Amino acid sequence: MSLSFLLLAVAALCALSFYFGRQRAVALSGGRYSNLHSLPAHYGTYVALWCGLPALLLLLVWHIFQGSIIEAMIIAELPSEITGDSGQLSLALNSISLIAADNGQHLTVSPEVIDAGHRLANLQSIANAALVVVMLTGASIGVSLSYRKISPDLRARNNVERISRWVMIACSAIAILSTVGIVFSLLFEALHFFSKINPVDFLFGLEWSPQTAIRADQVASDGAFGAIPLFVGTLLITIIAMCVAVPVGLFSAIYMGEYASSKFRAVAKPALEILAGVPTVVYGFFAALTVAPFLRNNGAILGLDVSSESALAAGLVMGVMIIPFVSSLSDDVMSQVPQSLRDGSYGLGATKSETIRHVIFPAALPGIVGAVLLAVSRAIGETMIVVMAAGLAANMTVNPLQAVTTVTVQIVTLLVGDQEFDSAKTLSAFALGLVLFLVTLGLNVFALKVVQKYREKYD
Amino acid sequence: MTDMASLMEDRAAAKVISDKMHKPVDWDSPKIARNIKKRYAAERRFKIYGLSAIGIALLALFVLGFSIGSKGYSAFFQTYVQLEIHFDPAEIDPQGTGDPAVIGKANFDGLIKQALRDRFPEVTSRRDKRDLYDVVSGGASYDLRERVLANPNLIGQTRKVWLISGDDFDMLNKGYIDADVDEGSRRLNDKEISWYNTLVSSGAVEKQFHARFFTSGDSREPELAGIWGAAVGSFYTLLVTLALSFPIGVLAAVYLEEFAPKNRFTTIVEVNINNLAAVPSIVFGLLGLEVYLNVMHLPRSAPVVGGLTLALMTLPTIIIASRAAIKAVPPSIRQAALGLGASPVQTVTHHVLPLAMPGILTGTIIGMAQALGETAPLLMIGMVAFIVDIPGGALDPATVLPVQIYLWADSPERAFVEKTSAAIMVLLAFLILMNGLAVYLRKKFERKW
């Protein structure tokens with residue numbers, strides 16, 4: 001039974017319970033609603049909530065645990081020669097799920113695995129049927145209890161409002177939950193990684209080559225997990241991007257805010273915002289297929305050896321992407337500088353540009369610094385442009401014409417395709433993710449602090 | 001009295017100072033004139049800097065649009081080759097049963113190859129024949145089968161039929177392969193180009209609107225690849241995202257704006273929302289990989305997982321926009337409702353939310369547009385697989401438009417460059433549509449209280 005069908009069924013049951021709850025309240029009122037404590041719709045909602053919430057909660061809990069419990073049951077039945085080796089185990093589990101989905105006819109696997117596959121299919125269908133039964137039971141218990149409680153004295157509105165309040169609190173708590181989820185999922189795998197690789201080697205090592213042997217008999221390097229080349233590459237591309245985005249963004253914000261006529265602004269401002277709305281994969285394609293060959297060809301004319309995956313191409317395009325971000329943030333900050341400061345400056349005979357340079361800009365400086373920091377954090381976390389336009393080789397260089405790689409590129413390359421959650425190669429992506437998360441979080445918190453402090457000054 | 005005395009003293013002091021000061025500035029002196037000229041020049045320069053900054057940004061936008069548009073427009077047309085096909089009854093339906101099952105199994109590929117051999121009888125060697133067969137796409141036989149199934153009377157006749165051409169041939173016809181360069185450094189050899197010229201001179205080559213690009217799924221053959229599969233995947237993903245993030249976001253915003261007491265919990269939630277809005281999208285991908293795939297064992301590559309991941313990403317956008325919209329509803333509305341005896345929840349559901357809805361919807365559409373363009377987190381949860389089938393539901397393996405663009409951009413065939421650009425144009429069209437809708441909503445329902 002598919003998920004969408006289940007959800008539709010729950011919705012239909014809720015609608016039915018609403019109808020019957022309301023009917024019962026109307027019947028009990030004897031035609032005069034003033035006999036009831038609440039409006040009839042409140043009684044209906046009361047029953048519907050008691051029908052839908054238990055069912056949905058059960059569904060959620062069931063789905064969180066079903067996969068791992070069934071897997072544990074399957075593993076428990078497998079012979080020890082398979083479960084002993086984690087590589088073999090994940091291979092066997094893969095074949096088992098293929099067999100269970102009736103796709104495994106071509107596989108040549110041991111009879112135990114085939115048996116396990118059939119058992120998995122069996123368990124899954126049992127689990128699905130059990131889920132339906134459990135959900136129906138939960139819903140019907142809720143409905144019968146609440147339906148029986150309906151009486152003219154039942155404080156249905158208060159009950160419904162109390163429940164909805166808790167639902168709202170739960171929704172707000174999801175923001176906390178997702179932060180906790182991010183921190184724990186990164187930390188868990190990163191600690192796993194640091195149990196294999198010394199954190200000091202990771203943070204300060206100068207060589208990055210994550211290719212490790214998955215099987216013992218494979219010929220491969222031991223793998224080096226020194227992340228400094230990645231940090232240098234990320235920093236290089238970020239600096240190039242900032243060299244484009246900060247001056248262009250700042251000057252366009254100044255022109256937009258101080259010089260432009262309202263007609264010009266009405267055209268140019270949305271046009272700039274289009275740049276912010278273009279998906280990053282489009283910028284990546286642009287960088288890889290238009291900007292990089294352009295730089296390479298022109299570099300060749302000038303006698304420069306420009307790599308076809310140069311940091312410059314990725315950085316320039318990333319800078320273009322960030323222009324509207326810098327410009328709109330600094331526009332906000334500069335428009336908050338009080339008019340009186342401007343008037344004072346004009347009164348002393350300063351020209352517009354002198355006012356901007358000597359009065360408005362210094363007054364807005366903390367906010368602008370905050371905006372630039374936010375832009376830096378965005379550049380560091382940007383993925384698609386660098387995945388498509390920057391290289392994979394972890395070169396330790398600050399030459400913008402050469403290929404460098406970044407933290408995000410490595411995360412993507414390490415996690416797209418085969419994953420082995422016990423090899424340092426796969427786990428290193430989570431360690432990189434943790435570093436990325438902490439750095440961007442730190443930058444954001446700091447930037448918001450700076451901006452807020454500045455705002456308090458003029459409010 | 002003392003005040004008066006001190007004032008007089010001040011005045012006297014001021015007089016002394018002004019007497020001691022230099023003589024008044026001579027505003028007509030050449031020095032001042034030079035200085036003013038210099039300052040005005042600096043003013044003009046400064047203005048030009050600002051204007052050129054905007055110019056650079058707009059130029060970048062223009063170059064981006066132009067390079068995508070000029071590369072991509074040709075993908076909406078596809079080269080077709082006209083061949084004289086003999087619908088040989090002995091090949092298609094030897095027993096003359098007229099049974100669609102029998103006709104469907106016939107070797108239509110053989111018919112096309114026969115037609116090509118008849119058209120170019122001088123081609124004899126095995127190698128050349130193989131090259132010749134590449135003039136027509138491998139997908140043409142399916143088209144031919146559809147045609148015969150739709151009209152079985154064709155069997156036994158000889159008809160001129162337009163068949164979809166292979167990708168190299170298509171590239172040649174669109175001018176992307178330069179016939180003048182050295183034979184070794186281009187995709188087609190001299191013979192193939194001579195066949196092309198023969199066909200062109202007999203009027204048997206034509207560009208037609210490429211409807212297949214909009215209706216088919218992914219393929220290894222550029223001329224058969226389409227975006228419909230990715231578009232459907234995007235649709236399911238966004239559906240899941242919307243179904244989760246809209247109600248959760250609005251409820252959270254209502255709580256934080258209307259009911260939440262100022263306490264520690266509320267502060268933590270607000271700080272979290274602001275920080276989540278700035279977390280790099282790829283980190284959400286790592287979260288999705290770990291929580292949805294490793295812990296909850298949801299299916300890989302499924303729009304459900306993509307939607308769940310993107311929902312967490314769009315949540316802050318929706319909450320922030322909804323809070324702003326709810327805050328903009330004036331307190332007098334609430335006071336009026338409360339004064340008439342409505343409960344706080346009734347006040348919100350009957351009055352505040354409907355009035356804030358245009359603003360909330362605008363924010364939601366903008367959040368959805370962001371989610372539609374998002375790629376990186378979906379790479380983490382395996383939505384990069386090569387999927388030919390059109391997904392039939394949110395649990396089927398699927399890919400989405402931006403990931404399709406990424407996959408095609410990585411493909412080596414020259415013909416995928418134009419497909420990529422065309423897919424980008426389609427994606428941008430959707431984004432413009434969504435943002436346009438958001439602007440329209442804002443303009444139409446904007447209220448000044």
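**Chat about a two-chain model**

Me: Which residues have the most contacts inside the largest nonpolar core?
Reply: In this predicted model, the largest nonpolar core has 218 residues, and those with the most contacts inside it are A:Ala287, A:Ala314, A:Val317, A:Ile385, A:Ala389 and B:Ile112.

Me: Take A:Ala287. What is it in contact with, leaving aside neighbours within four places in sequence?
Reply: A:Ala292, A:Ala313, A:Ala314, A:Val317, A:Ile385, A:Met388 and A:Ala389.

Me: OK, and what's in the second core?
Reply: That one is separate and has 19 residues, including A:Cys14, A:Trp50, A:Ala55 and A:Ala156.

Me: Switching to A:Val47, which helix is that in?
Reply: A:Val47 sits in helix α2 of chain A, residues 40–77.

Me: Buried or exposed? And why?
Reply: A:Val47 is buried, because it has 29 C-beta neighbours inside 10 Å, and 20 are enough to count as buried.

Me: What does A:Val47 touch, if you don't count residues up to four places away?
Reply: The list is A:Ser17, A:Phe18, A:Phe20, A:Gly21, A:Val143, A:Ser146 and A:Tyr147.

Me: And how many Å separate the C-alpha atoms of A:Val47 and A:Leu16?
Reply: The separation is 9.5 Å, for two residues 31 apart along the chain.

Me: Now helix α15 of chain A, residues 407–415. Why is it largely enclosed by the rest of the structure?
Reply: Seven of the nine residues in that helix are buried, so the rest of the structure largely encloses it.

Me: Which ones are buried?
Reply: In α15(A) they are A:Val407, A:Thr408, A:Val409, A:Gln410, A:Ile411, A:Val412 and A:Leu415.

Me: What happens just after α15(A)?
Reply: A:Gly417 takes a positive phi there, about 100°.

Me: What about domains in chain A?
Reply: The domain assignment gives domain 1 as 3–154 and domain 2 as 224–458. Taken over C-alpha atoms, the centres of domain 1 and domain 2 of chain A are 46 Å apart.

Me: On to the interface. How many residues of chain B are in contact with chain A?
Reply: On the chain B side 70 residues take part, in contact with 74 residues of chain A. Helix α2 of chain B (residues 30–72) gives the largest share of the chain B side, with 17 residues.

Me: How does that side of chain B divide into nonpolar, polar and charged?
Reply: The residues of chain B that touch chain A are 52 nonpolar, 14 polar and four charged.

Me: What's chain B built from?
Reply: Chain B has 19 helices and three strands. Of its 449 residues, 41% count as buried.

Me: What's its radius of gyration?
Reply: Chain B comes out at 34 Å, whereas a compact globule of 449 residues would be near 22 Å. Along the principal axes, the C-alpha atoms of chain B fill a box of roughly 130 × 75 × 40 Å.

Me: And what about contacts in chain B between residues at least 6 apart in sequence?
Reply: Of those contacts, 77% join residues at least 24 apart.

Me: Last topic, confidence. Where is it lowest and highest in chain B?
Reply: In chain B the low end is helix α1 (residues 2–20), with a mean of 61, and the high end is helix α15 (residues 331–339), at 95. Chain B as a whole averages a pLDDT of 87, with 95% of residues scoring at least 70.

Me: And chain A? What's the mean pLDDT there?
Reply: For chain A the mean is 86, and 94% of its residues reach 70 or more. Among the elements of chain A, helix α3 (residues 80–83) has the lowest mean pLDDT, 72, and helix α8 (residues 228–259) the highest, 94.

Me: What ipTM and pTM does the predictor give the complex?
Reply: The ipTM is 0.88 and the pTM is 0.87.

Notes:
Residues numbered from 1 in each chain as written. Chains lettered and ligands numbered in written order. Predicted model: local features only at pLDDT ≥ 70, side-chain atom pairs only at ≥ 80, totals over all residues. Contact = placed C-beta atoms within 7 Å. Helix = DSSP H or I, 4+ residues; strand = E, 2+ residues; numbered from the N terminus. Nonpolar A, V, L, I, M, F, W, Y, C, P; charged D, E, K, R; others polar. Buried ≥ 20, exposed ≤ 12 C-beta atoms within 10 Å, placed from the backbone. Core = buried A, V, L, I, M, F, W, Y, C linked by C-beta atoms within 7 Å. Domains from an automatic or database assignment. pLDDT = per-residue confidence, 0-100. Rg over C-alpha atoms; globule rule 2.2 N^0.38 Å.
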